[in-house]
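Work through the exercises below with the model open beside you. Try each task before you read its solution.

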Amino acid sequence: MDYNKSKAFKNLYLKFAILYFLSDVVLFKACYAKTPSCVLLVSFDGFRWDYLNRGLTPTFNNLAHQGSKANYTINAFITKTFPNHYTLVTGLYEESHGLTGNHMYDPILNETFGLQNLEPKWWSQNGQEPVWITNQRQGGHSAVLDFPGMDVPFQGMFPEYQYINYTESIPFNDRSDLAVALLANGSVNFVALYFSEPDKAGHMYGPFSKEMNETLGICDKTLEYLLDRLEAEDILDKVNIILTADHGMTPVSINKTIYAMDYLNGTAYPYFTVENNPILGIWPNKSEHLDPLYEAMKKAEHVKVYKKEEIPEQYHYKNNVRVPPIVVVADEGWMVVGSRDFKTHYEWEKGMHGYNNSLLSMHPMFMSMVQLSRKEP
Ligand SMILES: [Zn+2]
């Protein structure tokens, strides 16, 4: 394989790369006559970078051979799905785009965020917008097929094409059919396309299971179908394809779980927690209770406990009001939750992500086939 040996591709450059491909100044004016240049951004949720080394993904590896491939990308801390997908399409660290977790508490709004929350105040905290909106502002046309944030209005603007009443049950190949149809008939010049595997298999069976290997085969077939459809419409050599993911996956077990209540409830200082297992946020009810809660939590093993201001600079995470006063980060392979009541949520988990973004296991894959760099088969 003629792999690109660059050690890592920074996700943070991706938005700018997409805008570059979409701009009118690109030399390789491509795609359909109605649009100057097309980008198809595809995310396979939880596709850990080294899944490609198992000999189970011939279509992925062939695409990498024809285009270019980074060994992995360094994603953003925390290595969770919504925050990292939003980093992919905004080019911003989580402390800047404000989606600091799949679950968050905002002390200014005095509200809690969950995955179903589509109100713009959560998604444009600092006035940012995803690339599909930027594309439309520049006169382009966007389709967003299941990416997190697709159904959030930005100053009243939605992607021109999206699934209404999002449902995970839409078959992968149907998603590809729609993406290709919109590109082929010139309706759009940008598509963000999302597949929920291999993340689900990673959680359910772990990254080194036979079920994961079977799922990688399904992902490969999904990509093969997408490329076949592009070829059938005679646009495979006209679309700039970016293939990546939001995070990796590492094995876990419920037996390696830290429960914050075991350390904090004895202090008699009230608090509440925000779960992004294996990251836990602790919000003391009163600021003067921060120190005793912090000291109590520091007694736990297999976790790192930070006051907000102690969060390492390289995480680019501390500068947002939504980041809790105390942040607990589990060591790789461990989980951390607030209460033992949450045990049942995680008993079935064999794989997890969210950890320190410098861990190899958390890195996603990245490859692209842009028309300038395309190699002959
Ligand atoms: Zn996941």
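The exercises go from the whole chain to sheet, strands, helices and unusual backbone spots.

The model is predicted.

**Exercise 1. The whole protein**

Task: Find how many helices and strands the protein has, and what share of its residues is buried.

Solution.
- Step 1. Count the elements. The protein has 12 helices and 19 strands.
- Step 2. Turn to burial. Of the 377 residues, 49% are buried.
- Step 3. Look at the contacts between residues at least 6 apart in sequence. Of these, 74% join residues at least 24 apart.

**Exercise 2. The order of a sheet**

Task: Write down the strand order of the seven-stranded open sheet, and say which strands stand at its edges.

Solution.
- Step 1. Read across the sheet. The order is S3-S19-S10-S2-S9-S7-S8, and the pairing is mixed.
- Step 2. Find the edges. Strand S3 (68-70) and S8 each have a single partner strand, so one side of each lacks a neighbour in the sheet.
- Step 3. Check the S8 end. S7 and S8 pair in the parallel sense over two bridges. The bridge partner of Ala143 in S8 is Tyr161.
- Step 4. Add a helix. Helix H2 (residues 58-66) lies across S3, strand S10 (239-244) and strand S19 (366-369), and runs at about 60° to S19.

**Exercise 3. A covered strand**

Task: Take strand S2 (residues 38-44) and work out how many of its residues are buried, and which residues point each way.

Solution.
- Step 1. Recall the rule. In a regular strand, side chains alternate between the two faces of the sheet.
- Step 2. Sort the residues. Cys38, Leu40, Val42 and Phe44 point one way from S2, while Val39, Leu41 and Ser43 point the other way.
- Step 3. Test burial. Seven of the seven residues of S2 are buried, and the strand is mostly covered.
- Step 4. Find the partners. S2 pairs with S10 in the parallel sense over six bridges. S2 also pairs with S9 in the parallel sense, over six bridges.
- Step 5. Follow one residue. Val39 has Asn240 as its bridge partner in S10 and Phe190 as its bridge partner in S9.

**Exercise 4. One residue in its surroundings**

Task: Decide whether Ser142 is buried or exposed, and list its contacts beyond four places in sequence.

Solution.
- Step 1. Place the residue. Ser142 is in strand S7.
- Step 2. Apply the cut-off. A residue is buried if 20 or more other C-beta atoms lie within 10 Å. Ser142 has 27, so it is buried.
- Step 3. List the contacts. Leaving aside neighbours within four places, Ser142 touches Trp132, Asn135, Gln136, Pro159, Glu160, Val188 and Phe190.
- Step 4. Compare sequence with space. Ser142 and Asn189 are 47 residues apart in sequence, yet their C-alpha atoms are 6.3 Å apart.

**Exercise 5. Helices**

Task: Describe how helix H7 (residues 172-184) meets helix H9 (residues 210-232), then find how many residues of helix H3 (residues 81-90) are buried.

Solution.
- Step 1. Take the axes. Those of H7 and H9 come within 9 Å and cross at roughly 25°. That angle makes H7 roughly parallel to H9.
- Step 2. Give the hand. H7 passes H9 in a right-handed crossing.
- Step 3. Name the residues. H7 brings Phe172, Asn173, Ser176, Asp177 and Val180, and H9 brings Thr222, Tyr225, Leu226, Arg229 and Leu230.
- Step 4. Sort them by class. The contact of H7 with H9 has five nonpolar, three polar and two charged residues.
- Step 5. Move to H3. Here 10 of the 10 residues are buried, so H3 is largely enclosed by the rest of the structure.
- Step 6. Look just past H3. Gly91 takes a positive phi of about 75°.

**Exercise 6. Unusual backbone**

Task: Find which residues are joined by cis peptide bonds, and compare the burial of Asp146 and Gln155.

Solution.
- Step 1. Know the usual case. Most residues other than glycine have a negative phi, and most peptide bonds are trans.
- Step 2. Find the cis bonds. One joins Glu197 and Pro198, with omega about 10°. Another joins Asn277 and Pro278, with omega about 20°.
- Step 3. Locate the prolines. Pro198 is in the loop between strand S9 (190-195) and helix H8 (199-205). Pro278 is in the loop between strand S13 (271-276) and strand S14 (279-284).
- Step 4. Check phi. Asp146 has a positive phi of about 90°, and Gln155 has a positive phi near 45°.
- Step 5. Compare burial. Asp146 is buried, with 20 other C-beta atoms within 10 Å. Gln155 is exposed, with 10.

Note on methods. Residues are numbered from 1 along each chain as its sequence is written. This is a predicted model: local features need pLDDT of at least 70, side-chain atom pairs count only at pLDDT 80 or more; totals for chains, interfaces and linings use all residues. Axes are lines fitted to C-alpha atoms, for helices over the stretch in contact, and angles run from 0 to 180 degrees between N-to-C directions. Helices (H or I, at least four residues) and strands (E, at least two) are DSSP runs, numbered from the N terminus. Angles under 35 degrees count as roughly parallel, over 145 as roughly antiparallel, 65 to 115 as roughly perpendicular and the rest as oblique. A crossing is left-handed if the near helix is turned anticlockwise from the far one by less than a right angle, and right-handed if clockwise. Two residues are in contact if their C-beta atoms, placed from the backbone, lie within 7 Å. Ala, Val, Leu, Ile, Met, Phe, Trp, Tyr, Cys and Pro count as nonpolar, Asp, Glu, Lys and Arg as charged, and the others, Gly among them, as polar. A residue is buried if 20 or more other C-beta atoms lie within 10 Å of its own, exposed if 12 or fewer, and partly exposed in between; C-beta atoms are placed from the backbone. Two strands pair if DSSP finds at least two bridges between them.
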